[in-house]
Amino acid sequence: MAGVSYWAVARLAPHQERLALNHLERAGFMTYLPRLREWRRSHGRRIETRPPLFPGYCFFVVEAQWHAARWSVGIIGLIMDGIRPARVADAVIAEIRGREVGELIELAPPSPLRPGARVRILRGVFRDHLAVYADMKPRQRVEILLQLLGGEQRVTLAKKDIEVVR
């Protein structure tokens, strides 16, 4: 293992991210704490918050030794693989970093497709009919409730064949 560096994960004391990262970095470890960009409302104002993507955890690079990381201030423990810290693949870190915009990860907004949402059918024999979204099915299929023959009928369509009506 000597000379091979890899990413590992440390468990942090609650609300001690900044303290723990500072001590890990002072001990010579490179650290990474991915953060989200979230928006909330407070007193009518829109405020950006930056919570950790994985609350209570951070990544750090193990080079020659890791014991100093285990006993750093603000660290509860390390995620272990037997007698040494478990490896996190470089591809995992690259994937997370690849989702960052301005050093923050922006999650996709929640889908407007919720049970009860009004939808319009875009293709097929029911084109331009309005319906009610019921459920998501496997393989990008959706189940909708359509008024047909004097009653409500369940119809399954491709997700791309409907749009939410606002």
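**Exercise 1.** What covers the buried residues of H1?

*Solution.* The model is a predicted one, and the helix is taken residue by residue. Begin with the buried positions, which in H1 are Glu-17, Ala-20, Leu-21 and Leu-24. These residues lie on the same side of H1, because the arc they cover around the axis is only 95 degrees. Turn next to the other side of H1, where Arg-18 and Arg-26 are exposed. Finally, look at what lies over the buried residues of H1: the cover includes E1, strand E2 (31-32), E5, helix H2 (67-70) and E6. Beyond the helix, H1 is followed by Gly-28, which has a positive phi, near 100 degrees.

**Exercise 2.** Determine which elements give two or more residues to the largest nonpolar core, and which of them gives the largest share.

*Solution.* Start from the core itself, which has 16 residues, and in which Ala-10, Leu-24, Cys-58, Phe-60 and Ile-75 have the most contacts. Then assign the core to elements: strand E1 (6-12), helix H1 (17-26), strand E5 (57-62) and strand E6 (75-78) each give two or more residues. The largest share, four residues, comes from E1. A second core, separate from this one, has twelve residues, among them Ala-117, Ile-121, Tyr-133 and Ile-144.

**Exercise 3.** List the residues with which Ile-75 is in contact, leaving aside its neighbours within four places in sequence.

*Solution.* Taking heavy atoms within 4.5 Å as the criterion, one finds Ile-75 in contact with Ala-10, Arg-11 and Leu-12, with Ala-20 and Leu-24, and with Ala-69 and Arg-70, once those sequence neighbours are set aside. Of these partners, Ala-20 and Leu-24 are buried residues of H1.

Definitions and conventions: Residues are numbered from 1 along each chain as its sequence is written. This is a predicted model: local features need pLDDT of at least 70, side-chain atom pairs count only at pLDDT 80 or more; totals for chains, interfaces and linings use all residues. Side-chain values use heavy atoms; hydrogens and water are left out. A nonpolar core is a set of buried Ala, Val, Leu, Ile, Met, Phe, Trp, Tyr and Cys residues joined through side-chain atoms within 4.5 Å. Buried means under 20% relative accessible area, exposed over 50%, partly exposed in between (1.4 Å probe, protein chains only). The arc is that of the directions from the helix axis to the C-beta atoms.
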